[in-house]
Amino acid sequence: MTQALLLARLAQGQVSPNPAVGAVLVKNDVIIGQGYTQPPGGDHAEVVALKQAGREARGAVLYVTLEPCCHHGRTPPCTKALLDAGITEVHFPIVDPNPKVAGKGQAELQKAGVKIYVGEHAEEATILNEAFIKYITTGLPFVTVKFASSLDGKIATRSGDSKWISGESARKLVQHMRYEVDAVMTGAGTIIVDNPQLTVRIAVRGGITHKQPLRIIVDGRGRTPTTARLFSEPGRTLLVLADDLDNKVKNSFSATGAEILEMPSDRGQIDLKALLYILAKKEITNILVEAGGILIGSLFDHGIVDKVVAFLSPMIIGGQEARPAVAGRGVEKLIQCAKLKRINLDRVGEDIMVSGYVGK
């Protein structure tokens, strides 16, 4: 199962909105086939492993990181492929939360006489597909907020200088984080101040990636410069605008080549939860937020942050006018604040990475 989980990680960033799954076939204590989920429309992990094993698959044991599917989607059901191949035993850590499966795959295999074992490495498997699980059960994307700050919680000096608070190692890790998500979200203020690229620009898993996350700019007031460099970067950009903006402003943005999404707003503030539902309908299952304190603060105010990844740099910026990592309305009492659970602390170069889940 450990090997299957390692294989599943190779599928992350390539298979959304499907889950990332790894599979290993074993016979007489020897691995005879293994694989991971291919991009949508391609083979599922179990089928890749079965094709590798060929006729040797009969009588083998399967270790797979998610309950095998039993319904027709873009591909035929994996349960049928397993039964046709003569698999006698299947191990998986967690049941597929998709209502089309949700125990039905297990039941189908058991009815045919296949031995089933559930629960090995369940926590690792759940974390691996946390975005898929939220998306398929709630209809909303999984939202991760990432920021780099000084020890006193500042993301820029009072003059706006912010390059670079985090070190090179942290910035490289963020490139990998972008690779694994469907979209990167930011606000107009970040575009104005930092003019970021928001692309993956490093070798990922053995080669230079051509896969780029969708770039989402939340801009209720139409402040984004049309000359921003992300408009000319590889990949797609979605610009979220208030629907009551002047038509000349909207037309100028259309000329950038970005997709335009018009939404109702309250004095320039986009309804972020409504936006998430729209993005989910576009099969965006997970979003990495790389933004300033205003957008991040608004996400917390609306209670729609699932995970936080904060890089703390060993520096003190100081100053009341220096920009905080999280702004927004905030809370009046400490008992109301968002608290992280299942916290991990890691050293990344000179920085400390704090990651955890909000209220779960």
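User: Happy to start with a strand pairing: which residue does Val-143 stand opposite in strand 16?
Analyst: This is a predicted model, and in it strand 6 (residues 142-150) pairs with strand 16 in the parallel sense, over 4 bridges. Within strand 16, the residue standing opposite Val-143 is Ile-287.

User: Which residue of strand 16 is the bridge partner of Val-184?
Analyst: Strand 8 (residues 183-187) and strand 16 run parallel and are joined by 3 bridges. For Val-184, the bridge partner in strand 16 is Leu-288.

User: Which residues of strand 16 point the other way from Asn-286 and Leu-288, and are they buried or exposed?
Analyst: Strand 16 covers residues 286-289, and Asn-286 and Leu-288 point one way from it. The residues on the other side are Ile-287 and Val-289, and all of these are buried.

User: Let's follow Val-289 a little further. Which helix gives the largest share of the core it belongs to?
Analyst: Val-289 is among the residues with the most contacts inside the largest nonpolar core, along with Met-185, Ile-216, Leu-275 and Leu-279. Beyond residues up to four places away in sequence, Val-289 touches several others, including Val-143, Met-185 and Leu-299. That core has 32 residues. Its largest share, 4 residues, comes from helix 10 (residues 272-281).

User: How many residues are in the other core, the one with Leu-7 and Ile-87?
Analyst: This core lies apart from the largest one. Its members include Leu-7, Ala-45, Leu-50 and Ile-87, and its size is 31 residues.

User: Now a loop residue: which backbone nitrogen does the side chain of Thr-65 reach?
Analyst: Thr-65 sits in the loop between strand 3 (61-64) and helix 3 (78-85), yet Thr-65 is buried, with a relative accessible area of 1%. Leaving aside neighbours within four places in sequence, its contacts include Met-1, Ala-20, Val-21, Gly-22 and Pro-93. At 3.1 Å, its side chain reaches the backbone nitrogen of Gly-22.

User: And Ser-313: which residue's backbone oxygen lies 3.0 Å from a polar atom of its side chain?
Analyst: Ser-313 lies in strand 17 (residues 307-313) and counts as buried at 4% relative accessibility. Leaving aside neighbours within four places in sequence, Ser-313 is in contact with Ser-149, Ser-150, Leu-151, Ile-165 and Asp-351. The backbone oxygen that lies 3.0 Å from its side chain belongs to Ile-165.

User: You may be thinking about cysteines at the bench. How many disulfides does a search of the whole structure find?
Analyst: Cys-70 is in no disulfide, as the nearest cysteine sulfur, that of Cys-69, is 7.0 Å away. Cys-70 counts as buried at 19% relative accessibility, and Cys-78 is buried too, at 1%. The search of the whole structure finds 0.

User: Why is the sulfur of Cys-78 not bonded to the closest cysteine sulfur?
Analyst: A disulfide needs the two sulfur atoms to be within 2.5 Å. The closest cysteine sulfur to that of Cys-78 is in Cys-69, and the pair is too far apart for a bond because the distance is 3.7 Å.

User: Finally, the whole chain: what is its radius of gyration?
Analyst: The chain comes to 11 helices and 20 strands, and its C-alpha trace spans about 70 × 45 × 40 Å along the principal axes. Buried residues make up 50% of the 360 residues. Among contacts between residues at least 6 apart in sequence, 69% join residues at least 24 apart. A compact globule with 360 residues would have a radius of gyration near 21 Å, which agrees with the chain's value of 23 Å.

How values were computed
Residues numbered from 1 in each chain as written. Predicted model: local features only at pLDDT ≥ 70, side-chain atom pairs only at ≥ 80, totals over all residues. Heavy atoms only, no water. Buried < 20%, exposed > 50% of the residue type's maximum accessible area, 1.4 Å probe, protein only. Helix = DSSP H or I, 4+ residues; strand = E, 2+ residues; numbered from the N terminus. Polar contact = N/O pair within 3.5 Å; in protein donor to acceptor, adjacent residues only side chain to side chain. Contact = heavy atoms within 4.5 Å. Core = buried A, V, L, I, M, F, W, Y, C linked by side-chain atoms within 4.5 Å. Pairing = 2+ DSSP bridges. Rg over C-alpha atoms; globule rule 2.2 N^0.38 Å.
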